[in-house]
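Subject: Structure for you to look through

Dear colleague,

I am handing over the structure we spoke about, and below it you will find my notes on its pockets, its cores and one of its helices. Please keep it open while you read, so that you can find each residue as it comes up.

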Amino acid sequence: MNLACVWNLPTVFIAENNGYAESTASSWSVASDNIADRAAGFGMPGVVVDGFDFFAVHEAASEAIARARGGGGPTLIEMKFTRYFGHFEGDQQTYRADEVEHARAELDCLKRFAARVTETGELTQADLDAVDAEVAALIDQAVDDAKAAPPPTEADLLTDVYVRY
């Protein structure tokens, strides 16, 4: 972040803050409430956004991207949310109380998005159902294609390790 500020790079840094470092709550182990506050130390704006709110994330990202494209330099966006699953497969999550149930019931970004766009009339439930069906078909097709594809060759191991577009 320091170098991005020194060189005034058109960069948007995203800090996905799920409130944990593996199984240690950041409220217990980090002195600052907001990662985004650290941006000031580098001379860049830092923004905290509700990571469950599609529209808030879109707005913050749009502003940061416009700033970067306009020569205003880097921005740090901290997206606060919680993860639904443990840090690793088999994580019992004994360090968490009922926050996952609350997040699933009250904060889920897809439910909040659907509620807002249907309430405003921007989309209908039928529109959302059509998108879900199209995505499910694309996923099924991708899985079928992957299963039907030949195994990668040894030469494929180094393909696109470094960008070659």
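The largest pocket of this predicted model holds about 390 Å³ of space, and of the 20 residues that line this pocket, Asn17, Gly19, Ser26, Ser27 and Asp33 are the closest to its centre. Two or more lining residues come from each of β1 (12–17), β2 (20–21) and α2 (26–29), and the lining as a whole comprises seven nonpolar, eight polar and five charged residues.

The second largest pocket, with a volume of about 220 Å³, is lined by residues that include Leu110, Phe113, Leu123 and Val131. Helix α6 (125–148) gives the largest share of this lining, five residues, and by class the lining has six nonpolar, one polar and three charged residues.

Helix α5, which also contributes to that second lining, spans residues 109–119, and at its start a side-chain oxygen of Asp108 comes to within 3.0 Å of the backbone nitrogen of Leu110. After α5 comes Gly121, which has a positive phi near 80°.

As for the interior, the largest nonpolar core consists of six residues, Val49, Val57, Ala60, Ala64, Ile77 and Met79, with α3 giving the largest share, three residues. Val49, apart from its neighbours within four places in sequence, is in contact with residues including Val57, Ala60, Ile77 and Met79. A second, separate core has five residues, among them Cys5, Ala15, Ala39 and Leu76.

With best wishes

Methods:
Residues numbered from 1 in each chain as written. Predicted model: local features only at pLDDT ≥ 70, side-chain atom pairs only at ≥ 80, totals over all residues. Heavy atoms only, no water. Core = buried A, V, L, I, M, F, W, Y, C linked by side-chain atoms within 4.5 Å. Buried < 20%, exposed > 50% of the residue type's maximum accessible area, 1.4 Å probe, protein only. Helix = DSSP H or I, 4+ residues; strand = E, 2+ residues; numbered from the N terminus. Contact = heavy atoms within 4.5 Å. Polar contact = N/O pair within 3.5 Å; in protein donor to acceptor, adjacent residues only side chain to side chain. 1 Å grid on protein atoms, 1.4 Å probe; cavity = no way out; pocket = protein on both sides within 12 Å on 5 of 7 lines; lining within 4 Å. Points joined across faces, edges and corners; volume = space filled by probe spheres on them. Nonpolar A, V, L, I, M, F, W, Y, C, P; charged D, E, K, R; others polar.
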